[in-house]
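User: Please take a close look at the salt bridges in this structure. I am a first-year student, so give me the cut-offs too.

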Amino acid sequence: GEAIEETAVREGQEESSISTIETGELLCITHHPYNMNGEDILKDTYWYKMKTSSTESLKPQMEEGIDEVRWFSKPDLASIAQNTWPSVTNVLTNIK
């Protein structure tokens, strides 16, 4: 029942443990398949620019399989894009 932007903020908060996050422009939408309980599902993921003024420490959401959360500067994104999933590479190339 959440709006997509609300879901993006909640997911960002859960996955990084930063409590104050604001969405910006929509960067892109990616699609990836997965299987849940024997059913094939195609998931749409909406990626937004986000910002925070929080000084909270980043903590990964381990129960979701996220084992590291880090900040990167824009110049670092090209090297990050070389070692990630193709759908995430698409997100990184949409960051201006």
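Analyst: Here is a walk through the salt bridges, followed by their surroundings.

This is a predicted model, where local features need pLDDT of at least 70, side-chain atom pairs count only at pLDDT 80 or more, and totals for chains, interfaces and linings use all residues. Residues are numbered from 1 along each chain as its sequence is written, and side-chain values use heavy atoms, with hydrogens and water left out.

Start with the frame. The chain holds 3 helices and 2 strands. Helices (H or I, at least four residues) and strands (E, at least two) are DSSP runs, numbered from the N terminus. Their order from the N terminus is α-β-β-α-α. The C-alpha trace spans about 40 × 30 × 25 Å along its principal axes. Of the 96 residues in the chain, 17% are buried. Here, buried means under 20% relative accessible area, exposed means over 50%, and partly exposed lies in between (1.4 Å probe, protein chains only).

Now the salt bridges. The term means a side-chain nitrogen of Lys or Arg within 4 Å of a carboxyl oxygen of Asp or Glu. The whole structure has 5 of them.

Look at Arg10. Its salt bridge with Glu2 brings the closest N and O atoms to 2.9 Å apart. Arg10 is partly exposed, at 28% relative accessible area. Glu2 is partly exposed as well, at 39%.

Arg10 also meets Glu14 in a salt bridge, at 3.2 Å from N to O. Both Glu14 and Arg10 sit in helix H1 (residues 4-16). They are 4 residues apart, about one turn of the helix. Glu14 has 35% relative accessibility, so Glu14 counts as partly exposed. Step back, and a network appears: salt bridges link Glu2, Arg10, Glu11 and Glu14.

Next, move to the strands. Glu25 pairs with Lys49 in a salt bridge, with 3.7 Å between the closest N and O atoms. This pair links distant parts of the chain. Glu25 is in strand E1 (residues 22-36), while Lys49 is in strand E2 (residues 39-51). They are 24 residues apart. Glu25 is partly exposed at 42%, and Lys49 is partly exposed at 29%.

Strand E1 has a nonpolar side to its story too. Ile29 lies in this strand. Together with Ile4, Leu26 and Tyr46, Ile29 makes a nonpolar surface patch of about 300 Å². Patches use residues with over 30% relative accessible area and no salt bridge; like charges are joined within 9 Å, and nonpolar side chains (Val, Leu, Ile, Met, Phe, Trp, Tyr) within 5 Å. Areas come from the Shrake-Rupley method with a 1.4 Å probe, and for residues only the protein chains shown count as cover. Ile29 counts as partly exposed because its relative accessibility is 34%.

Finally, see how H1, E1 and E2 share the largest pocket. Along with helix H2 (77-81) and helix H3 (86-93), each supplies at least two residues of its lining. E2 gives the largest share, 9 residues. A pocket is found on a 1 Å grid over the protein atoms alone: it is an open set of points where a 1.4 Å probe fits, with protein on both sides within 12 Å along at least five of seven lines, and lining residues have an atom within 4 Å of a point. The lining divides into 21 nonpolar, 12 polar and 11 charged residues. Asp, Glu, Lys and Arg count as charged; Ala, Val, Leu, Ile, Met, Phe, Trp, Tyr, Cys and Pro as nonpolar; the others, Gly among them, as polar.
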